[in-house]
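Colleague: I am new to this one, and I would like to know where the labels come from. Could you walk me through them?

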Amino acid sequence: MKAFYFWVIPVLLLFITCCLSQEDYNDITVASEAEENESEEEVTYSSPVPSGRVYLAESFDDPMVFKKKWIISEAKKDDTDENIAKYDGKWEVEPAQRHPLRGDLGLVMKSRAKHSAISAHLDRPFRFEDKPLVVQYEVNMQLGQECGGAYLKLLSHEEGPRGVDLHHFRDKTPYTIMFGPDKCGNDHKLHFIFRHKNPLNGTFSEKHCKKPKDRVEEPMKDKKPHLYTLIVRPDNSFEVKVDHKVVNEGSLLEDFYPEVNPPPFIDDPTDSQPEDWDDREKIPDPEAEKPEDWDEDAPAQLPDEDAVKPDGWLDELPQIIPDPTAKRPDDWDDDMDGEWEAPLVTNPLCKGAPGCGEWKRPMVPNPAYRGKWRPPMIDNPAYRGKWAPRKIPNPDYFHDEHPFKMMPISAVGFELWSMSDLILFDNILVTDDMTVAEQWAADTFDLKRKKLDQDTEGLIMRIISYTNAHPWLWALYLVVVALPLVLLLVFCCSSSQESAADAKKTDEVTLDAEGKEEEDEDCGANEGKGEGEEERGEEEDKEGVEEEEEGEDKAEAVGATEVGPERSSPRRRRLRKE
């Protein structure tokens, strides 16, 4: 019967599969190829052209233009070992590794565990006046990200004929805004940092945006292109978007740390707490005295003097004994395993008795117990409140109502270090018009995601579409899937019944759920069990009694063996279980 099931299933599947003719297979293949061709026709890419006012629009589609415009840094980091100080990371312009659009290229950071820096001048400086700043670019971590950044720096404008020296672009090159993803370990960040100029002394300090309200780690590990957009407006508001979705927003004045404007008052650094200042709200009552009848040494519990030893208590018998049926394993080594001892089990002679061993009175709460005496707490008459230093005017205080008016920007650049290589950057845009950024994304990023969605749709979706046009295929799928499952269930059920029947026929010792041998009698050779055996023998003629008592004996055997591991070593427990 078993062989029949094993032969029927594959033969039946082969027969049903053959019902789908070669013509049907050809139709599915043709439909798939047609949809692929249609998808390729729908997603047509051409190098984007900005639709309005821009300061930088870079698609990296023309390698010759890239070589003229973008400058790889030749600088070195300060205070760094000479072997790793140089910015020697490699950059290339090439298509994406997966799901590329025809003709679409991007800037790829080729090196891992190296300092890499590259930058380009804007077409003209962006000045923070009456128009918003919109920065947008794509990042594709093609191998994921272990540890490192993929953020963009907007470099501060420097007056002079040459402006910013991009040939020596490095970590200390002044920037106005740093924006983009960064990750190391489980720490995922989406930076928006701007450098604020102190109006009193002209120094700069970094202001870090609060954490995004949404999770931002998925774009750093899904190996897909993602669009990052930053909008900073003249009214000091800002928005951060990922793939057109707002993930962070707020105000330059309120949602950055440290805050743009310092507090008007600060603690006086010269002020200190007086020695006689008492800041305790409650104190022990100095007039309280311990009562004379207070006994701190009285125990918390006492033996119950009213308790009486139950009738039938077997004082002379121990509650736990070594298992008399246990045998020393043949491979037991006293030098390696120690001296062998039989596991402990509940004394079967104690069955039916209220208890075995030395009887002790139960413990009850001691009515005279009061614990250690402590004086009650009262309000402190000398309490003067929590001390704090006095406030003085902040000598560094200023109030900047327009932090939007940052240092002008004249270049953009990537200054990175990463443990992952092949990070692809694409379609960098700096503009003051959000509609221009939206159109730029529609001509670039949106096409990539559309192509990605079509490519990942897969053959299954195409087969479903073809099946909808040929509904009879659904019945075929149902037969192919359901029939083997039914046959498998029938086979399993019949096997279980056969196993149960075989078990009833055999006289061999069986194992219970714990892996222990079932015994019809529990230590029947021991003294004190004869009466129980006679009672059970007298009731064997009653229907169902024998099975019920055997179940009770099995439960007692399991409970007894559970005590054993207290005395047996891990190896003894393992051997006993086996």
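**Why the labels fit**

Modeller: Gladly. Let us start with a lysine: Lys77 is found in the loop between strand S2 (71-72) and helix H4 (82-85). Helices (H or I, at least four residues) and strands (E, at least two) are DSSP runs, numbered from the N terminus. This is a predicted model, where local features need pLDDT of at least 70, side-chain atom pairs count only at pLDDT 80 or more, and totals for chains, interfaces and linings use all residues. Residues are numbered from 1 along each chain as its sequence is written, and side-chain values use heavy atoms, with hydrogens and water left out.

Colleague: Why is Lys77 called buried?

Modeller: Buried means under 20% relative accessible area, exposed over 50%, and partly exposed in between (1.4 Å probe, protein chains only). Lys77 has 17%, so Lys77 counts as buried.

Colleague: What makes the pair of Lys77 and Asp171 a polar contact?

Modeller: Their side chains come to 3.1 Å. A polar contact is a pair of N or O atoms within 3.5 Å; within protein, one must be able to donate a hydrogen and the other to accept it, and residues adjacent in sequence count only if both atoms are side-chain atoms. The 3.1 Å of this pair is within 3.5 Å, so the label fits.

Colleague: How do you know that Cys147 and Cys184 form a disulfide?

Modeller: A disulfide is a pair of cysteine sulfur atoms within 2.5 Å. Here the S to S distance is 2.1 Å, so the pair qualifies. The link connects distant parts of the chain, with Cys147 in strand S7 (residues 147-149) and Cys184 in strand S9 (residues 175-184), 37 residues apart.

Colleague: Which of those two cysteines is buried, and which is partly exposed?

Modeller: Cys147, at 17%, is buried, whereas Cys184, at 43%, is partly exposed.

Colleague: How many disulfides are there in the whole structure?

Modeller: A search finds 2. Cys350 and Cys356 form a disulfide too, with sulfur atoms 1.8 Å apart, so this pair also meets the cut-off. Cys350 is buried at 8%, and Cys356 is buried at 7%.

Colleague: What makes a residue such as Asn427 worth pointing out?

Modeller: Asn427 has a positive phi of about 50 degrees although it is not a glycine. Asn427 sits in strand S25 (residues 423-431), and its relative accessible area is 0%, so it is buried.

Colleague: And why is Asp243 called partly exposed?

Modeller: Its relative accessibility is 23%, which lies between 20% and 50%, so that label follows.
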